[in-house]
Amino acid sequence: MSHTDYFVIESRDRKLLRSALNEVLNGFALDHFETAIGIGRSELQQVFKYLSELSDDAKAGLTRAHLTAAHNALREALRELGIEEFQTRTGFEFQEAEMILKKLSDLLGEAPTA
């Protein structure tokens, strides 16, 4: 089974991922950052910057490594913030984020980890 190395992310999903990346980078401390996310903090900051600079309705193109990191950041944000804080801090509903996490897991060919 072959996997693609480049993924196109819809606008709303991109905005949710950007919010999750912001939380991981600026909202809470994450022990063993690179192990949990899959890339270093400075590289994740570059991904965040890219997602932030796109127009509101734009889709995003991410490499497998960057999509995996975004997936992992979303997973960590869901775990850290929980249902009580997630919507308040990101502007997105917890259940929607769980669905996006599963969608990303499916895209990446991984088992869900939330």
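**Exercise 1. Classify Val 8 as buried or exposed, then place Val 8 in the model.**

Step 1. Val 8 has a relative accessibility of 52%. The exposed class begins over 50%. Val 8 therefore counts as exposed. This model is a predicted one.

Step 2. Find the element. Val 8 sits in strand β1, which covers residues 6–9.

Step 3. List the partners. Setting aside residues up to four places away in sequence, Val 8 touches Lys 59, Ala 60 and Gly 61.

Step 4. Compare chain and space. Val 8 and Leu 104 are 96 residues apart along the chain. Their C-alpha atoms are separated by 11 Å.

**Exercise 2. Work out how helices α4 and α5 are arranged, and say which residues make the contact.**

Step 1. Locate the helices. α4 spans residues 64–90, and α5 spans residues 94–108.

Step 2. Read the geometry. The two pack at an angle of about 155°, and their axes are 10 Å apart.

Step 3. Name the arrangement. Angles over 145 degrees count as roughly antiparallel. α4 is therefore roughly antiparallel to α5. Their crossing is left-handed.

Step 4. Collect the residues. α4 contributes Arg 64, Leu 67, Thr 68, His 71, Leu 74, Arg 75, Leu 78, Gly 82, Ile 83 and Phe 86. From α5 come Phe 94, Gln 95, Ala 97, Glu 98, Ile 100, Leu 101, Leu 104, Ser 105, Leu 107 and Leu 108.

Step 5. Sort them. The contact of α4 with α5 holds 12 nonpolar, 5 polar and 3 charged residues.

**Exercise 3. Take His 71 and Leu 107 from that contact, and assign each its exposure class.**

Step 1. Start with His 71, in helix α4. Its relative accessible area is 1%. The limit for buried is under 20%. His 71 is therefore buried.

Step 2. Look at its side chain. The side chains of His 71 and Asn 72 are joined by a polar contact of 3.0 Å.

Step 3. Turn to Leu 107, in helix α5. Leu 107 has a relative accessible area of 37%, so it is partly exposed.

Step 4. Find the partners of Leu 107. Without its neighbours within four places in sequence, Leu 107 is in contact with Phe 7, Ile 9 and Leu 67.

Step 5. Check a pair. Leu 107 and Ala 77 lie 30 residues apart in sequence. From C-alpha to C-alpha, they are 19 Å apart in space.

**Exercise 4. Describe how α1 meets α4.**

Step 1. The axes come within 8 Å and cross at roughly 90°.

Step 2. The range of 65 to 115 degrees counts as roughly perpendicular. α1 and α4 are therefore roughly perpendicular to each other.

Step 3. On the α1 side are Leu 16, Leu 17, Ser 19, Ala 20, Leu 21, Glu 23, Val 24 and Gly 27. They meet Ala 70, Ala 73, Leu 74, Glu 76, Ala 77, Leu 81, Arg 89 and Thr 90 in α4.

Step 4. The residues of this contact divide into 10 nonpolar, 3 polar and 3 charged.

**Exercise 5. Describe how α1 meets α3, and follow Asn 22 into this contact.**

Step 1. α3 covers residues 41–53. The axes of α1 and α3 come within 10 Å, crossing at roughly 145°. The crossing is left-handed.

Step 2. α1 supplies Arg 14, Leu 17, Arg 18, Leu 21, Asn 22, Val 24 and Leu 25. α3 supplies Arg 41, Leu 44, Gln 45, Val 47, Phe 48, Leu 51 and Ser 52. Of the contact residues, 8 are nonpolar, 3 polar and 3 charged.

Step 3. Asn 22 belongs to helix α1. At 29% relative accessibility, Asn 22 counts as partly exposed.

Step 4. Beyond its neighbours within four places in sequence, Asn 22 is in contact with Gly 27 and Phe 48. Arg 41 is 19 residues from Asn 22 along the chain, and their C-alpha atoms are separated by 11 Å.

**Exercise 6. State what stands out in the phi of His 32, and where His 32 is found.**

Step 1. Most residues other than glycine have a negative phi.

Step 2. Phi of His 32 is near 55°, a positive value in a non-glycine residue.

Step 3. His 32 is found in the loop between α1 (11–27) and α2 (33–37).

Step 4. Its relative accessibility is 65%, so His 32 counts as exposed.

Methods
Residues numbered from 1 in each chain as written. Predicted model: local features only at pLDDT ≥ 70, side-chain atom pairs only at ≥ 80, totals over all residues. Heavy atoms only, no water. Axes fitted to C-alpha atoms, helices over the stretch in contact; angles between N-to-C directions. Helix = DSSP H or I, 4+ residues; strand = E, 2+ residues; numbered from the N terminus. Parallel < 35°, antiparallel > 145°, perpendicular 65-115°, else oblique. Left-handed = near helix turned anticlockwise from the far one by under 90°. Contact = heavy atoms within 4.5 Å. Nonpolar A, V, L, I, M, F, W, Y, C, P; charged D, E, K, R; others polar. Buried < 20%, exposed > 50% of the residue type's maximum accessible area, 1.4 Å probe, protein only. Polar contact = N/O pair within 3.5 Å; in protein donor to acceptor, adjacent residues only side chain to side chain.
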